[in-house]
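Work through the exercises below with the model in view. Try each task before you read its solution.

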Amino acid sequence: MKLYFILVSLLFVASAHASDRKVGNVIAVEREVSGIYSTCLKNGPEDTTKPQSFFSCAIKYTTDGELPVSKGRVIKLVDDKCSVVGETANGTLLITFAAAKSPSTYEASRSCLERALSTKDYVKVIVYTLE
């Protein structure tokens, strides 16, 4: 009998503090981030005169009120001439690109980025938003 009373009181306590209110319909949206090459060059490094071990750029793909879902690597080109890696996290696509010879010039690194994006200059990501 005591066990029954304890279970009922625990259910009452758990439900007594909950008060849900529907704000809106949350939907998952597949978004295509396109024009990566030109956007990356526009948002890229400020100093391109000195050779560096790698160059990088960041592309934000969410707006206010959206929650990014996609995480992980979406672009990859690693061979004996180039290294290009693009990863999504926290609503941003971060791309690092470099020629294999380190430090490399911006022109050589940029040609690696162009080669990596020559067949597919877009990525698809998932974000949650209110309908």
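**Exercise 1: the first cysteine pair**

Cys 40 is buried, and Cys 57 is buried too (buried: under 20% relative accessible area, exposed: over 50%, partly exposed: in between; 1.4 Å probe, protein chains only). This is a predicted model, in which local features need pLDDT of at least 70, side-chain atom pairs count only at pLDDT 80 or more, and totals for chains, interfaces and linings use all residues. Residues are numbered from 1 along each chain as its sequence is written, and side-chain values use heavy atoms, with hydrogens and water left out.

Task: Find what joins Cys 40 to Cys 57, and which parts the pair ties together.

Solution.
- Step 1. Check the sulfurs: Cys 40 and Cys 57 form a disulfide, S to S 1.8 Å. The cut-off for a disulfide is a pair of cysteine sulfur atoms within 2.5 Å.
- Step 2. Place the ends. Cys 40 sits in helix 2 (residues 36-42) and Cys 57 in strand 2 (residues 55-60), so the bond ties together parts 17 residues apart in sequence. Helices (H or I, at least four residues) and strands (E, at least two) are DSSP runs, numbered from the N terminus.
- Step 3. Read the torsion. About the S-S bond of Cys 40 and Cys 57 it is about -105°, so this disulfide is left-handed.

**Exercise 2: the other pair**

Task: Describe the disulfide of Cys 82 and say how many disulfides the structure holds.

Solution.
- Step 1. Cys 82 is joined to Cys 112, S to S 2.0 Å.
- Step 2. Cys 82 belongs to strand 5 (residues 82-89) and Cys 112 to helix 3 (residues 106-116), so the pair links parts 30 residues apart in sequence.
- Step 3. Cys 82 and Cys 112 are both buried.
- Step 4. The torsion about their S-S bond is about -70°, so the disulfide is left-handed.
- Step 5. The structure holds two disulfides. With bonded cysteines counted along the chain, the pattern is 1-2, 3-4.

**Exercise 3: the sheet**

Task: Give the strand order of the sheet, then place helix 3.

Solution.
- Step 1. Four strands make an open, antiparallel sheet in the order 2-6-5-4. Strands pair if DSSP finds at least two bridges between them.
- Step 2. Strand 2 and strand 4 (72-78) are the edges, each pairing on one side only.
- Step 3. Strand 5 and strand 6 (residues 92-99) pair in the antiparallel sense over eight bridges. Ser 83 stands opposite Ala 98 in strand 6.
- Step 4. Helix 3 lies across strand 2, strand 4, strand 5 and strand 6. Contact means heavy atoms within 4.5 Å.
- Step 5. Helix 3 runs at about 120° to strand 6. Axes are lines fitted to C-alpha atoms, for helices over the stretch in contact, and angles run from 0 to 180 degrees between N-to-C directions.
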